[in-house]
Structure formats: C-alpha cells, structure tokens
Amino acid sequence: MLEILTFPDPRLRNKAQPVEKVDDTVRKLVDDMFHTMYEAPGIGLAANQVNEARRIVVADVSEDRSQPLCLINPQILALDGVEEMEEGCLSVPGVTETVQRADRVRVRAQNRDGEAFELDAEGLLAVCIQHELDHLDGKLFIDYLSNLKRQRIRKKLEKQGRSKSEAAPAI
Ligand code: ZN
C-alpha cells in the first residue's frame with residue numbers, strides 16, 4: 001500500500017505532468033493505486049495523493065467494488081448540470097463538506113493499456129472525476145470553502161494527526 005499524503009502537505013499542491021507512454025512502470029503504479037484506494041478505503045485516488053505527480057486517476061464508485069476505472073491523462077470535454085454533494089478526501093481525513101459541481105461530465109482519457117476512450121459520467125462518478133482531476137492540478141475540495149473554514153480544518157488536522165470518518169465517501 002502506498003503512503004497517502006495529507007493536507008496541508010505542500011506536495012498535494014504539485015501540478016501533475018502528462019504520462020508520455022503507458023508502460024509497465026505506469027501499469028505498476030496504477031495497480032498499486034487501486035490497491036491503496038481499495039484498502040484505504042476510498043472511491044477515488046489521484047497520483048498526486050501518493051506523491052507521484054503524474055496525470056493518473058483510479059476510481060471505483062460501485063457498492064461492491066467491481067467497477068475499477070483508470071484514467072490516464074484525463075481531460076474534461078464537457079460539463080453539464082449542477083450537483084451538490086457531501087465530499088470527503090483521503091488526503092483530508094475526517095473532514096466532509098458540501099461542494100457544488102457539475103452533475104454530468106464527459107471525459108477523454110487513456111486506459112491501463114494506453115488506449116484512448118471517452119466516458120460519460122453522472123452523479124457520484126461525475127463528482128468523483130471532477131474531484132480527482134482537481135487533485136491533478138494541485139487543487140483540493142476544501143479550496144471551494146471559505147478561508148476561515150479551511151484554516152479551521154488545517155488546525156484540526158494538525159492537532160489530531162490522522163483520523164478517518166465514514167460519513168462520506170473518501171475520494
Ligand atoms: Zn481527494
């Protein structure tokens with residue numbers, strides 16, 4: 001299992017670089033990320049969260065954990081609708097906050113074999129994808145909150161160290 005960086009670790013702010021070639025090294029990282037996400041447990045994980053500044057995301061929002069999704073070099077092609085959902089994050093343990101995002105998203109990416117594909121997602125998966133793509137740009141869901149709220153979260157996490165909440169899915 002890979003170590004998951006937690007806020008306010010400055011490495012979470014690194015912008016991830018594109019993957020130039022999907023080779024065995026990349027596939028190994030993808031597999032380790034899936035393992036780490038399932039063990040955590042979470043429904044999504046971006047490579048930045050495990051200190052690999054590359055544009056790789058893994059996700060699985062299914063209840064029985066049977067629909068692994070790997071997005072390499074993901075790009076959002078279209079956003080539509082509005083959704084408010086309570087979010088959590090493996091890198092901000094014990095914190096859940098409501099964030100407003102698009103309800104539907106169309107994304108283009110490469111899979112674990114390096115093949116390009118497009119995907120239409122809605123609801124939880126759409127929110128998860130937007131949350132993870134934010135990670136790739138060094139952005140966290142708490143960035144959508146007020147400064148004051150974010151400072152409180154920082155103090156809380158610094159005081160408590162690591163703790164986990166089951167209140168909302170951790171992405
Ligand atoms: Zn997250």
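Here are legends for a handful of close-up views of this structure, which is a predicted model.

**View 1. Helix 1 from end to end.**
Let's start with helix 1, which runs over residues 24–39 and has 16 residues. From its first C-alpha to its last it reaches 22 Å, close to the 22 Å expected at 1.5 Å a residue. At the N-terminal end, look for Asp23, which acts as the cap. One of its side-chain oxygens lies 3.2 Å from the backbone nitrogen of Thr25.

**View 2. The buried side of the story for helix 1.**
Quite a few residues of helix 1 are tucked away: Val26, Arg27, Leu29, Val30, Met33, Phe34, Thr36 and Met37 are buried. What covers them includes strand 1 (44–46), strand 2 (56–59) and strand 3 (69–80).

**View 3. An aromatic pair, Phe34 and Tyr38.**
The structure holds 1 aromatic pair, and it is made by Phe34 and Tyr38. The two rings are stacked, sitting 6.1 Å centre to centre with 20° between the planes. Why are these two about one helical turn apart? Because they are 4 residues apart in helix 1. As a rule, an α-helix has 3.6 residues a turn, so residues three or four places apart point the same way. As for cover, Phe34 counts as buried at 12% relative accessibility, while Tyr38 is partly exposed, with a relative accessible area of 26%.

**View 4. The largest nonpolar core.**
This core has 19 residues. Those with the most contacts inside it are Val26, Val30, Met33, Leu45, Ile56, Val58 and Ile72. Helix 1, strand 2 and strand 3 each chip in at least two residues, and helix 1 gives the most, with 6 residues. Zoom in on Val30 and you'll find that it touches Ile56, Val58, Cys70, Ile72 and Arg112, leaving aside residues up to four places away in sequence. There is also a second, separate core of 15 residues, with Ala16, Val105, Val107 and Ala109 among them.

**View 5. Strand 4 alongside strand 5.**
Strand 4 (residues 83–87) and strand 5 run antiparallel, joined by 5 bridges. If you'd like a spot to focus on, Glu84 stands opposite Gln100 in strand 5.

**View 6. The two faces of strand 5.**
Which residues of strand 5 make up its covered face, and which its uncovered one? Over residues 97–101, the covered face has Glu97, Val99 and Arg101, and the uncovered one has Thr98 and Gln100. In a regular strand, side chains alternate between the two faces of the sheet.

Notes. Residues numbered from 1 in each chain as written. Predicted model: local features only at pLDDT ≥ 70, side-chain atom pairs only at ≥ 80, totals over all residues. Heavy atoms only, no water. Expected span 1.5 Å × (residues − 1). Buried < 20%, exposed > 50% of the residue type's maximum accessible area, 1.4 Å probe, protein only. Contact = heavy atoms within 4.5 Å. Polar contact = N/O pair within 3.5 Å; in protein donor to acceptor, adjacent residues only side chain to side chain. Phe/Tyr/Trp six-rings, centres within 6.5 Å; stacked < 30°, edge-to-face > 60°. Pairing = 2+ DSSP bridges. Core = buried A, V, L, I, M, F, W, Y, C linked by side-chain atoms within 4.5 Å.
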